[in-house]
Amino acid sequence: MKFSEAWLREWVNPEITTGELSDQLSMAGLEVDSINAVAPQFEGVLVGEVLSIDAHPDAQKLRVCTVNVAGDENLTIVCGAANVAVGMRVPVACVGAKLPGNFKIKKAKLRGVPSFGMICSASELGLAESSDGIMPLPSDAPIGEDIRHYLKLDDQIIEVDLTPDRGDCLSLTGIAREVGVINRCVVTAPDIPSVVAVIDDAIQVEVIATEACPRYTCRVIRGIDSTAKTPFWMQERLRRSDIRSISPVVDVTNYVLLELGQPMHAFDLNRLDHGIIVRQAESGEKLVLLDGQQIELKSDTLVIADANAPVALAGIMGGEASAVTDSTQDILLESAFFAPMSVAGKARGYGLHTDSSHRFERGVDPELQAKAVERATALLTEIVGGEVGPVIEAVSPKHLTQKPTILLRRQRIERILGINVADDMVVDILTRLEMQVESVESGWMVAVPSCRFDIAIEVDLIEEIGRIYGYSEIPISHAPSNMPMYSKPEIVFDLHAAKQALINRDYQEVITYSFISPAIQCLMDPQQQSIKLANPISTEMSVMRTSLWPGLVQTASYNQARQQNRMQIFESGLRFVSQDNEIKQENTISGLAVGGVTQEQWGEPERKVDFFDVKADLEAIFTLTGCAGEFVFSSGEHPALHPGQTAKIQRNGELVGWLGMLHPKLEQKLELAGHTYLFEVSLDGLLDGVLPVFAPLSKFPSIRRDIALVLDQSVEFEAVKLCIEQAAPEILTDIKLFDVYTGDKVDSGRKSLALGLILQGTSQTLTDEIVDEVVDNIVRALAKNLKAYLRE
């Protein structure tokens, strides 16, 4: 929320600087995001009156103006603005003035005519980014007065970022209350007397959805002056709060929104058909909003309707058909309380976010509506006139939020805050926060005001005392406590160590969004049902990821578009899977590699990353479990991966992950350059490790025997390895695959594997006879189980 410091100081004016005020608000929980000057520095600009306008003798678009600035003589100024007119009050930069950007005004000749100054536009004074002509001032602006003083431009715009529970501070009333209690100052709010009705005109109001709208207040005003203009002071306050001036009726409702925090709306009374009905929308009903957008209403949406159709989205935005226009003469002012849960999320569901919905979602004071109507009525009758009808109110007391009364104990304050706060200070703080305080033996009974939705229990009151007392004023004390150290079991998988292992292998960690677009979800994991968000931030982030791959490939695409063609990245996080009508959250670690194996250099020829490079990276992670041999890579099929370069990863027969090259069609659709390799492993499959156990080193030499096998191409090395291990005794210590051959010397459909068998005894030196017998047994087992034979 943005507001003018000068406006705030009309309510409460402590003797502190702007910086001190900002610090106070931030320390009290109302974080100040920014402080900006209302206008940049300039000087020498006065209020002037255009007395006459003559045509320029040598330029069709220029005019020669005579301007009175209450000086010794009138000024002749050449002006090119189309909207300049005789009698206008305008800002005039006299000779010697300095405009923003250190632009100095000098006496000049424009097409031969002397010009003694400049008539300024709002943008030239730094009050707007752009403007169509000179800046008109009110007709009663005092001629000759410094424009900075007249417009009160030595002011600051303060922007506060409020937490969702502090909806009471989304108004100048709330901010002033906070400043007043912090500085123990009196808050002087404007007097809001009741406006006496002069006509009996009323409108029938029927509230069907009483739980969603416990209070609906309205008032008829007839015969307003549609030609009236919003006072300049109100336009300025709205502008400094980042709200554009539109028309007197709309401006007044926005002004009351800023001042009191009550969203309001005005209907053209003659466009309403037989009264107001507050109800839930019927599915399929359509409504054209004030911004021209047509929406189809959902059945869970609260609407304001007349006898025929919806005329407004309750608490969000009005409809175009009943909007106030320049020809409107009779209006209906609306001020209602909508329950936060009836409005929460509805605006986002229609792609909207308004000042009204922002406040109703956080909670508006349910006792503020009549006061807001009276304030708006007083302002409107002063600006546009009109005949005022009685205030009409439909209320359902049982559905209104009940104000809690809470017991606040002295001992509890000291126990929670660690300090002894004087009784009179406690009472003063709570009273200034508009709470009703009654003393009891153990402390106080405190009645919470209707504007404070965030206070429900005793500790909430203690929090209020603590933040107003000042957290910085509470002395630091170190309470003694036992700090036992708990050891982590060695067999538990260490994710940090796994990340470090990947970093050591030249990977970089990334963090991507858990919300992704349905399109990329369908591309990367079409077999998994996606989980849609009820209120997505955007359509591009409307489903929850079932894999970390979408975020990784989008990161790769983004970086490749910026000439970063070599990438090795990984991410650990949750993926979300729908299972048995529940959302299962599964911890995973995923990675992507594309481009060269190493950075470009002179000492090593360039080589692109391949399947086995990424497989080696994964095996480095599996090694950390102490049982890397339990992880088996075997060929598989995944819709996002290349059919010929896909491996499923299993541990003890259970699927724990995937590894492979991204499918060429997906590479093309995602505009990725080069073969992209991906892996993803469930961390649940890595949790159980094995403690390392020392095995004595053999003092006897090892023997190596190489064999070349011919077998069917479909047989995987893992099957060969398993067959050899089952056929060989314990003296076989290692199996090395050092060559794979397919070519002319091997039959079609078959391949040759060259294996190195490492044998070593623990109690004796192995003889050739023992080794030959072991190798023969291995060959026979391979022939029997895999139909393999030795290559000649």
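How buried or exposed is Phe 453? Phe 453 is partly exposed, at a relative accessible area of 30%. Here buried means under 20% relative accessible area, exposed over 50%, and partly exposed in between (1.4 Å probe, protein chains only).

The model is predicted: local features need pLDDT of at least 70, side-chain atom pairs count only at pLDDT 80 or more, and totals for chains, interfaces and linings use all residues. Residues are numbered from 1 along each chain as its sequence is written, and side-chain values use heavy atoms, with hydrogens and water left out.

**View A. Phe 337 and Phe 453 form a stacked ring pair.**
Rings of Phe, Tyr and Trp (its six-membered ring) pair if their centres lie within 6.5 Å; planes under 30 degrees apart count as stacked, over 60 as edge-to-face and the rest as tilted. By this rule there are eight aromatic pairs. In this one, the ring centres of Phe 337 and Phe 453 are 6.5 Å apart and the planes stand at 15°, so the pair is stacked. Phe 337 belongs to strand E21 (residues 331-337), while Phe 453 sits in the loop between strand E25 (443-447) and helix H13 (458-469), so the contact ties together parts 116 residues apart in sequence. Helices (H or I, at least four residues) and strands (E, at least two) are DSSP runs, numbered from the N terminus. Phe 337 is buried, at 1% relative accessibility.

**View B. Phe 611 and Phe 612 meet edge-to-face.**
Their centres are 5.4 Å apart, with 80° between the planes. Phe 611 is buried at 11% relative accessibility. Phe 612 is exposed at 60%.

**View C. Helix H17 spans residues 611-623.**
H17 has 13 residues. From first C-alpha to last it reaches 18 Å, close to the 18 Å expected at 1.5 Å a residue. That expected span is 1.5 Å times one less than the number of residues. Asp 610 caps the N-terminal end: one of its side-chain oxygens lies 3.1 Å from the backbone nitrogen of Phe 612. The cap is a polar contact, a pair of N or O atoms within 3.5 Å; within protein, one must be able to donate a hydrogen and the other to accept it, and residues adjacent in sequence count only if both atoms are side-chain atoms. Buried residues of H17 include Phe 611, Val 614, Leu 618, Ile 621 and Phe 622. Asp 613, Lys 615 and Asp 617 are also among them.

**View D. Two side-chain charges sit over rings, and three rings cluster.**
A charge sits over a ring if NZ of Lys or CZ of Arg is within 6 Å of the ring centre and within 35 degrees of the ring normal. Lys 615 lies over the face of Phe 633, 4.8 Å from the ring centre. Arg 148 lies over the face of Phe 42, also at 4.8 Å. Elsewhere, ring pairs link Trp 7, Trp 233 and Tyr 255 into a cluster.

**View E. Seven strands build an open, mixed sheet.**
The strand order is E26-E30-E31-E35-E34-E33-E32. Two strands pair if DSSP finds at least two bridges between them. E26 (508-509) and E32 (631-635) stand at the edges with a single partner strand each, so one side of each has no neighbour in the sheet.

**View F. Strands E32, E33 and E34 are joined by hairpins.**
E32 and E33 pair antiparallel over five bridges. Five residues separate these two strands in their hairpin. Val 632 stands opposite Gln 650 in E33. Seven bridges join E33 (residues 641-651) to E34 (residues 654-662), again antiparallel. Here Ile 649 faces Gly 657, and Arg 651 has Glu 654 as its bridge partner. The E33–E34 hairpin has two residues between its strands. Asn 652, in the turn, has a positive phi of about 55°.

**View G. Cys 169 and Cys 213 are buried cysteines without a disulfide partner.**
A disulfide is a pair of cysteine sulfur atoms within 2.5 Å. The whole structure has zero. The sulfur of Cys 169 is 8.5 Å from the closest cysteine sulfur, in Cys 451, which is too far for a bond. Cys 169 is buried at 0% relative accessibility. For Cys 213, the nearest cysteine sulfur is that of Cys 218, 10 Å away. Cys 213 is buried at 1%.
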